[in-house]
Amino acid sequence: DPDEKINSPTAYAELIAHEFNHSVYFYRKFLLNEITGVTENIYVTEGMSGLAQDLTGFNRGNQFVAMAGMTEISSVSLPDIHRYTPGAGYDEARDGALRGASYLFLRYLFDQAGGEIMDDAGNFEASCGSQLLHNWINSPLTMPELAVEVTGLPYGELAANWFTALAL
């Protein structure tokens, strides 16, 4: 790649952040909760790994995914990225839109929970978006139930708020 978009040290760091998050997510969400078998939509973990790229600062490629989520949002409903369908894999026709929408939804929840809050010494405080993510990956609940639990909002209201935030 002459522009070093996909084979630069930064691109590799982004890839590591994304893939390492898959490993951490699987271990904490499924193994520690003794969940056997797939019980969650594949785009939940893709969105979470996109958020990991964002929060580590290695998010150049993630910007393209977020753009796909925004420009193709009319082809996405919230259940598309939440609902688990046995045997369903990646949706080749809408993959970018679904990855982007999942990332944008998780980023929305992270920001609504307080985002990144640092103390005077430069350390992240635990009672903000970081705590939400910690609770999220440790919970045996799947995204629809967990999103309602962490926000305290009914699912329909949560969806309306998120789509309104995207429109704004």
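**Figure 1. Asp80, with a relative accessibility of 21%, counts as partly exposed and pairs with Arg94 in this predicted model.** The side chains of Arg94 and Asp80 form a salt bridge, with an N to O distance of 2.9 Å. The pair joins distant parts of the chain, since Asp80 belongs to helix 4 (78-82), Arg94 belongs to the loop between helix 4 and helix 5, and the two are 14 residues apart. Arg94 has a relative accessible area of 23% and is therefore also classed as partly exposed. Both values lie above the 20% limit under which a residue is called buried.

**Figure 2. Arg99 and Glu46 form a salt bridge.** A search of the whole structure gives six salt bridges, and the pair shown here is one of them. The closest N and O atoms of Arg99 and Glu46 are 2.8 Å apart. Because Arg99 is located in helix 5 and Glu46 in helix 2, the pair ties together parts of the chain that are 53 residues apart in sequence. The partners fall into two exposure classes: Glu46 is buried, with a relative accessible area of 7%, whereas Arg99 is partly exposed at 22% relative accessibility. In general, side chains of opposite charge can pair when their charged atoms come close.

**Figure 3. Arg107 and Asp54 form a salt bridge.** The closest N and O atoms of Arg107 and Asp54 are 2.9 Å apart. Distant parts of the chain are linked by this pair: Arg107 is in helix 5, Asp54 is in helix 2, and 53 residues separate them. Arg107 is buried, with a relative accessible area of 18%. Asp54 counts as buried too, at 16% relative accessibility, so each partner of this salt bridge is under the 20% limit.

**Figure 4. Helix 2 packs against helix 6.** The axes of helix 2 (residues 42-56) and helix 6 (residues 129-138) come within 13 Å and cross at roughly 150°. This angle is over 145 degrees, which means that helix 2 runs roughly antiparallel to helix 6. The crossing of the two helices is left-handed. From helix 2, Val44, Met48, Leu51 and Leu55 meet Leu133, Trp136 and Ile137 of helix 6. By class, the residues of this contact comprise seven nonpolar, no polar and no charged ones.

**Figure 5. Helix 5 packs against helix 7.** Helix 5 (residues 95-112) and helix 7 (residues 143-151) have axes 11 Å apart and pack at an angle of about 25°. Because this angle is under 35 degrees, helix 5 counts as roughly parallel to helix 7. The two helices pass in a left-handed crossing. The contact is formed by Ser102, Phe105, Leu106 and Leu109 of helix 5 together with Met143, Ala147 and Thr151 of helix 7. These residues divide into five nonpolar, two polar and no charged.

**Figure 6. Asn21 is a buried residue of helix 1.** Helix 1 spans residues 9-31 and contains Asn21. The relative accessibility of Asn21 is 14%, under the 20% limit, and Asn21 therefore counts as buried. With neighbours within four places in sequence left aside, Asn21 is in contact with Ile16, Met48, Ser49 and Ala52. Met48, one of these contacts, also takes part in the meeting of helix 2 with helix 6.

**Figure 7. Glu34 has a positive phi value.** Glu34 is located in the loop between helix 1 and helix 2. The phi angle of Glu34 is near 55°, a positive value in a residue other than glycine. Glu34 is exposed, with a relative accessible area of 70%.

**Figure 8. Ala160 and Leu78 are 82 residues apart in sequence and 9.6 Å apart in space.** The spatial distance is taken from C-alpha to C-alpha. Ala160 belongs to helix 8 (residues 155-167). At 41% relative accessibility, Ala160 counts as partly exposed.

Methods: Residues are numbered from 1 along each chain as its sequence is written. This is a predicted model: local features need pLDDT of at least 70, side-chain atom pairs count only at pLDDT 80 or more; totals for chains, interfaces and linings use all residues. Side-chain values use heavy atoms; hydrogens and water are left out. Helices (H or I, at least four residues) and strands (E, at least two) are DSSP runs, numbered from the N terminus. Buried means under 20% relative accessible area, exposed over 50%, partly exposed in between (1.4 Å probe, protein chains only). Contact means heavy atoms within 4.5 Å. Axes are lines fitted to C-alpha atoms, for helices over the stretch in contact, and angles run from 0 to 180 degrees between N-to-C directions. Angles under 35 degrees count as roughly parallel, over 145 as roughly antiparallel, 65 to 115 as roughly perpendicular and the rest as oblique. A crossing is left-handed if the near helix is turned anticlockwise from the far one by less than a right angle, and right-handed if clockwise. Ala, Val, Leu, Ile, Met, Phe, Trp, Tyr, Cys and Pro count as nonpolar, Asp, Glu, Lys and Arg as charged, and the others, Gly among them, as polar. A salt bridge is a side-chain nitrogen of Lys or Arg within 4 Å of a carboxyl oxygen of Asp or Glu.
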